[in-house]
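Grab your viewer and work through these exercises. Each task comes with a solution that goes step by step.

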Amino acid sequence: MTVALTAVSDSGRTWHLTQQVGSGSEGVVYLVDDARPLVVKLALDPPDPAAYRRRVVRLVRRRRLPRAVRVLSATPTRVAWPMAPVRAGGPGRDGMDGYLMTDMRHTHQPFTRLLTPQARRTFFPGSTWATALAASLSLARLLADLHAEGYVVGDLKPDNLWVDARGRVGIADVDSWQFTDGGELFPGRMSSPGHTAPERIEAPAGTAPDRASDDFVLAVLVHQLLMCGLHPFAGHPGTGGDYLSYDDNVLHSRCRLLDRTSVVLPRSAPPVDLLPRRLTALFRAAFGGVRPAASVWAEALATESDPARLRTCRKDVLHVHTAERPWCPWCDLAERGADNCTPLAAPDPPRRTDGATPNLTDASDGKDTEDDTA
């Protein structure tokens, strides 16, 4: 959609916004008329506009701190960090606050395109299970670096993530993160169904996330990457009841890795022994014990990504698997007609934790949303 908006920074610099490229429950994103790959995100009715403006100003300032170098100096860009606070639409009630940031589409594609075999064949035709391992490692390292700098993502989910053909992961939606600056806590506000730690699912509105809740979602995302998009809490209850949602299964610990009888999965589900034993142990700890930190995941994934730990099928060079598996699991799935590994349940409906009504365009419906375009 073409627009005629001008975004103005605190210093008076202007950027012309040329096209809306995405929208979500918290904001809209516009292309910027600039030689550099830039976009502007404008907030839609933040609960506390003054606090939101202060949050963005602090994030812009923190971008220049030496401690941010490890997170922001990589190539390609790992984080769509706020570069300048802006306001569009004028100073009155019709105006919107937001910020300028890098357009991640310049170097990455939406993370969801690496999650399933069908999407991989279309958007990353040369990718293999080794690419999924690389993306898992990149994501774990990114989250470990953010935690080391005192940030909690809070709303870690596929729609906020980006990935390139080499499995290098980036992240957007920085303005929803939780952090402390100058003694002031800027709390995390959001969570997303299917990618929320159990202690946050039924918590009172406004309950702050922490690193452990991020670590739970990291394990979910790594499982999805390595298991054809399969959510670790997918499946109908083993007791014969109706499937309600991923979150319902999370709350009741219905997970094949914890108890094979807790869920019923179709033949298209990839086998558990597709995973290396080291990673299986980490998944079980993440979902039913003491959650491994992102740095622990990074160390384990680095080990499993070593070429010596991988095997390539003699029949198909795109069939890569762990060296612990004596035969190719992808050939097994193909022989059963289940090589597509289709998702086993629809995502839960969108949910906000600040008590506001969600914008349904933020649901994971396969379309690019605001989080997919900035």
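**Exercise 1: the whole chain**

Task: How much area does the protein expose, and what percentage of it do carbon and sulfur atoms supply?

Solution. A word on the input: this is a predicted model, where local features need pLDDT of at least 70, side-chain atom pairs count only at pLDDT 80 or more, and totals for chains, interfaces and linings use all residues. Residues are numbered from 1 along each chain as its sequence is written, and side-chain values use heavy atoms, with hydrogens and water left out.

- Step 1: the protein exposes about 16,100 Å², and carbon and sulfur supply 52% of that. Areas come from the Shrake-Rupley method with a 1.4 Å probe; for residues, only the protein chains shown count as cover.
- Step 2: of the 374 residues, 55% are buried. Buried means under 20% relative accessible area, exposed over 50%, and partly exposed in between (1.4 Å probe, protein chains only).
- Step 3: the protein has 10 helices and 15 strands. These are DSSP runs numbered from the N terminus: helices are H or I with at least four residues, strands are E with at least two.

**Exercise 2: a sheet and its helix**

Task: In what order do the three strands of the open sheet come, and which strands stand at the edges?

Solution.

- Step 1: the order is S7-S8-S9, with antiparallel pairing. Two strands pair if DSSP finds at least two bridges between them.
- Step 2: S7 (109–110) and S9 (169–171) each have a single partner strand, so one side of each lacks a neighbour in the sheet.
- Step 3: S7 and S8 (residues 161–163) are joined by two bridges, and Pro 110 sits opposite Trp 162 in S8.
- Step 4: helix H4 (residues 129–148) packs on the sheet, touching S8 and S9, and its direction makes about 40 degrees with that of S9. Contact here means heavy atoms within 4.5 Å; axes are lines fitted to C-alpha atoms, for helices over the stretch in contact, and angles run from 0 to 180 degrees between N-to-C directions.

**Exercise 3: helix H6**

Task: What span should the 16 residues of H6 have, and how far apart are its end C-alpha atoms?

Solution.

- Step 1: the expected span is 1.5 Å times one less than the number of residues.
- Step 2: for H6 (residues 211–226) that should be 22 Å, and the end C-alpha atoms are 22 Å apart, which agrees.
- Step 3: 14 of the 16 residues are buried, so H6 is largely enclosed by the rest of the structure.
- Step 4: at the N-terminal end, Asp 210 caps H6, with a side-chain oxygen 3.2 Å from the backbone nitrogen of Ala 212. Just after H6, Cys 228 takes a positive phi of about 60 degrees.

**Exercise 4: two buried polar residues**

Task: Which side chains make polar contacts with those of Asp 97 and His 195?

Solution. A polar contact is a pair of N or O atoms within 3.5 Å; within protein, one must be able to donate a hydrogen and the other to accept it, and residues adjacent in sequence count only if both atoms are side-chain atoms.

- Step 1: Asp 97, in strand S6 (residues 96–102), is buried at 12% relative accessibility.
- Step 2: its side chain reaches Arg 53 at 2.9 Å and Arg 87 at 3.0 Å.
- Step 3: His 195 lies in the loop between strand S11 (184–186) and helix H5 (198–201) and is buried at 10%.
- Step 4: the His 195 side chain pairs with that of Gln 224 at 2.8 Å.
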